[in-house]
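Colleague: I am new to reading structures. Can we go through this one together, step by step?

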Amino acid sequence: MFKNHFKIAWRNLLKDRMSSVINIGGLAVGMAVALLIGFWIYDEVNFNKSFKNYDRIAQLMQHQTANGNISTFNGMPLPLGKELQTNYGNNFKYVVMTSWAGDGIITAGEKNLSKRGIFMDEDGPRMFSLKMIEGSYDALKYPNTIIISSSMAKAFFGNDDPINKPMKIGHKLDVKVTGVYEDIPLNTEFAGLEYIAPWSLYLTSEKWIKQSEAAWDNNSFQIYVQIADHTAFDAVDRNIMHSKNIHDAPEDKKYNAQVFLNPMRDWHLRTHFENGIRTGGPIEYVRLFSIIGIFVLLLACINFMNLSTARSEKRAKEVGIRKSIGSLRGQLVMQFYVESLLIVMVAFALSLVLAQLILPWFNDVASKKMIIPWNNPFFWIAGLGFSFITGIIAGSYPALYLSSFQPIKVLKGTFKVGRLAAIPRKILVVMQFSISLALIIGTIVVYNQIQFSKNRPIGYNRNGLMMIRMKTPDFYGKFGLLENELKNSGAVEQMAESHSPLTNVYSSNNGFSWPGQNPSLDEDFETIWVTHDFGKTISWQLKEGRDFSKEFTSDSSAIIINESAVKYMGLKDPVGTIVKWGTDANAKNYKIIGVVKDLLMESPYDAVKQTIYFMDYDNVNWIILKLNPNKSAKQSISQVESVFKKYIPSVPFDYEFADREFASKFAAEERIGKLSTFFAGLAIFISCLGLFGLASFVAEQRTKEIGVRKVLGASLFNLWRLLSKDFLLLVMISLLIAVPLSYYFMNNWLLHYNYRTNISWWVFGISGVGVILITLLTVSFQALKAAVANPVKSLRSE
Amino acid sequence: MIKITELEKIYRTEEVETIALNKLSIEVKDGEFVAVMGPSGCGKSTLLNILGLLDDPDKGSFIFNQIEVADFNERRRADLRKHNIGFVFQSFNLIDELTVFENVELPLIYTGVKSADRKKRVEEVLDKVQIMHRRNHYPQQLSGGQQQRVAVARAVVNKPKLILADEPTGNLDSHNGNDVMQLLTELNEQGTTIVMVTHSEHDAGYSHRIIRMLDGQTVTENILV
């Protein structure tokens, strides 16, 4: 019996090639999308899970309240580490202080390489369960040690044994290798971390760190913990909540610092806090893509159901004959299930091929390294199980519907599908197009938002601005020499130094006061230290007053503020105002000499913050160069490189361009945009495939009617309109559903951004018109084919 | 009205070649009522399709209203057809999705008659075929005889010069069949030319002249009137 089912199913597949191709193709595309999204979600939710103590590790964070707003961040004061160990020790198994991970210049022998690394308490490697290839978890016990990743070991020492080899961090800290760990997996927080040096070394490496040992107001460090075995995160939270606040200076108590644990399971997906409350983060994208994946698969299933039921009317006679020779209804149901399962399995096989083909591109867009787990039995169980369920769902409607036909009616030829039989099909088509339209509208809104933010005025000229970080002390005191030679070479038009790069602000400070200050304002400013020519280099735009100038020696106590700061401070006539920084005897007075237009240096989606620019040659980390616009960038870069190599030979030449760095701020949104374009494209493709099949069915079903109408004198245009009208109506209904739905969701999405575009009516207009055109194109092919057919044939067949 | 000379039509499939019409020559005068008879496969329906400009001959001449139409293209044939020819089929061929009124109205829409005129004319013919009371019903809700009366109404609503009927009583009982034949006779008396294909000697008796066909040729012609 089963063999017979299978044989009939196979023959039906071959007989109706067109609808088989549409069915299998559509389903395979839908499944491939579901697979890719499945891989992506799997990767996302398993982030960090390779750490053995995943469930027990947390990072310390704090809430602080200023001007009625709670901000949340992970910077911690240095003394809190010791405090937690001594006074709250029974809550924790490990308390690990760390620096911020960053690039450092590592030297071994003749080799100088820029590597990403971190300073960590000695318990770090044990807590994060690093896989040690050489050395033990105690490798960081002594200050002048370093442990390195296996790929870094290879880069420096090739096949030699790295243990006990001497190295230098940042050209000044002498260490020797005491351990080698396996490269940390890509889908973890610490991916790409090439070296770990001991915290004890960090403490002695810089004066300011040493000075921070008792500073409760310097949140420049990170603390990771593993909680004790007997306790839970919320219990620890309650215990340590005020551990910082009780030590804060009296004037800082108003910030009401509350310390809490951010469990490792939330690090990746639940990163957003709003006013002290966790509000989600990338988890929203996981949810969104799950929904999209389900929808795209659903679209494909809908196609399958639609085409099967549509075709079923052709097969009514077969059902009648089978029933009249004794087939039971159950057997017919079985037969149709076998058919649908066969189609689904073929589609599944095809979808694996498709997924394999798309995966490289998908990895690129999602910046992941996912692979199809061919050897994983769970993958096969899940995949086949999921295909089976798809087959059952997609096959159920045709199976149950077809098998219910009454044989006498079918065979006598009086079988007519009622006017209502098409309604479920129509609902399904409306669903398909609503989903597709919503995806298209969503995609357009995402790109609008990106474009809108990209076009935002930035207050300086970003072209040809090169940024070089002064990674080691080797840079200090060489600026004059570099400037002289680079300007003479003609490669560089102007250059200056700055505390922050142009695409970030490293520092914010409080403790400022000025005449007319609102006493209830908890003032806080972005602070940037720059040299004289900074403004000239980046072409900032002075609104009032003057730029820093070498002619005024008094400019060492001059400041320039941005327009936002003028507003923030409530100044009517800012130039000449004296701003005092500090409260004690060391407090210094600064005079505002100029106001510049807001410079967009941080998030393109947020308002520019109040900023103060100081003139200072000591507190600078970056060299900013304006390349000569009349020369080719490539030529200028190589000239700059050779000059830097000449004066600072021991540091690898590394540079960034302001425009490219800025563009990378859109990476997340562009990724979303690319993915949603891809999904929307597929959704509309699958929907059209279904529509195409359905239109061909309808045209076929209405052949007689078309014949009669032709005999009565209907023109080609009449018939085309007749056949297209119904589908157009369905698309219109979909538009009515999709527009409010997508407006609601996209409006919510846009609320994440402070600087955001509006959703204008043309977005809906374009999507609507586009989809209508695509629909007409799809349907017209069938409509015209039916309309030009000779009516004699269809009428004779009566 | 109709003059065909040496008309040929051959159907080819991969293996067989069927001669449907073999140098057939027939003439039908204005106002005539002609019955075409013959066994299945003698070419009656092919003849009717060609007369109705639904199909084109392979060879020969076909003069309709003094115009040679054998080499007309699809567009010109459709144009000629919708203004001059009405069809009545054995299986009625009403459109299931449209009501009686809408079915009859259809030809008028295609010839571009204005809505108010259409209503008047449809009601006129529905009245004539005595189906006015069923104007808002769907074809499935009518008996066969009623459906065929609707089909006749539809065929004449455009006041065609020629009505082609393909076994109009084939699916009807004798009572309903006679009604339909009566209707056709009346139309003929009012001046409409009718060519009817039939198997029924009884129905053929309503006509003026019977053309008997065999293997795509005329065998005999009996003049009844």
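Colleague: How many helices and strands does chain A have?
Modeller: Keep in mind that this is a predicted model. Both kinds of element occur in chain A. The count is 25 helices and 26 strands.

Colleague: What share of the residues in chain A is buried?
Modeller: A residue counts as buried under 20% relative accessible area. Chain A has 798 residues. The buried share is 53%.

Colleague: What box do the C-alpha atoms of chain A fill?
Modeller: The box is taken along the principal axes. Its sides are roughly 105 × 60 × 55 Å.

Colleague: How much area does chain A expose?
Modeller: Carbon and sulfur atoms supply 58% of the exposed area. The total for chain A is about 36300 Å².

Colleague: Of the contacts in chain A with a separation of 6 or more, what share joins residues 24 or more positions apart?
Modeller: Here we look at how far apart the partners sit along the chain. Contacts with a separation of 6 or more form the base of the count. Residues 24 or more positions apart account for 78%.

Colleague: Which residues form a nonpolar patch on the surface?
Modeller: Take one member to start with. A:Leu736 sits in helix H23, residues 716-750 of chain A. A:Leu736 counts as exposed because its relative accessibility is 66%. With about 730 Å² of accessible area together, the patch is A:Leu729, A:Ile733, A:Leu736, A:Ile737, A:Leu741, A:Tyr744 and A:Phe745.

Colleague: Now the two chains. How much area do chain B and chain A bury between them?
Modeller: The size of an interface is often given as the accessible area lost when the parts come together. The contact takes 21 residues from chain B and 18 residues from chain A. Of the buried area, 56% is on carbon and sulfur atoms. The area is about 1800 Å².

Colleague: Which three residues supply more of the area that chain B buries against chain A than any other three?
Modeller: Look at the side that belongs to chain B. The three supply 31% of the area that chain B buries there. They are B:Leu54, B:Asn93 and B:Tyr110.

Colleague: Which elements give two or more residues to the side of chain B that touches chain A?
Modeller: Both elements are helices of chain B. One spans 74-84 and the other spans 100-110. They are helix H2 and helix H3.

Colleague: How many residue pairs are in polar contact between chain B and chain A?
Modeller: Salt bridges between chain B and chain A come to 0. Polar contacts are counted separately, with both pairs at pLDDT 80 or more. The number of residue pairs in polar contact is 2.

Colleague: How many salt bridges does a search of the whole structure find?
Modeller: The search runs over all chains. Several cases lie in chain A. One of them joins A:Lys244 to A:Asp248, with the closest N and O atoms 3.4 Å apart, and both residues are buried. The total is 33.

Colleague: How many residues apart in sequence are the parts tied together by A:Asp522 and A:Lys254?
Modeller: The side chains of A:Asp522 and A:Lys254 meet in a salt bridge of 3.4 Å, N to O. A:Asp522 lies in the loop between strand S18 (512-513) and strand S19 (525-530), and A:Lys254 in the loop between helix H8 (233-240) and strand S12 (258-263), so the pair ties together parts that are 268 residues apart in sequence.

Colleague: Is A:Glu483 buried or exposed?
Modeller: A:Glu483 shares a salt bridge of 3.3 Å, N to O, with A:Lys487. The two are 4 residues apart in helix H16, so about one helical turn separates them. A:Lys487 is partly exposed at 31% relative accessibility. A:Glu483 has 15% relative accessibility, so it counts as buried.

Colleague: Last topic, backbone angles. What is the phi of B:Gln66?
Modeller: Most residues other than glycine have a negative phi. B:Gln66 goes against this with a positive value. B:Gln66 is found in the loop between strand S4 (59-64) and strand S5 (67-68) of chain B. Its phi is near 70°.

Colleague: What is the phi of A:Asn275?
Modeller: A:Asn275 is in the loop between strand S13 (272-274) and strand S14 (277-280) of chain A. A:Asn275 is not a glycine, yet its phi is positive. The value is about 50°.

Technical notes. Residues numbered from 1 in each chain as written. Chains lettered and ligands numbered in written order. Heavy atoms only, no water. Patch = residues over 30% accessible without salt bridge, like charges linked within 9 Å, V, L, I, M, F, W, Y side chains within 5 Å. Areas by Shrake-Rupley, 256 points an atom, 1.4 Å probe, with all protein chains shown as cover. Salt bridge = Lys/Arg side-chain N within 4 Å of Asp/Glu carboxyl O. Buried < 20%, exposed > 50% of the residue type's maximum accessible area, 1.4 Å probe, protein only. Contact = heavy atoms within 4.5 Å. Buried area = accessible area lost by both parts, 1.4 Å probe. Polar contact = N/O pair within 3.5 Å; in protein donor to acceptor, adjacent residues only side chain to side chain.
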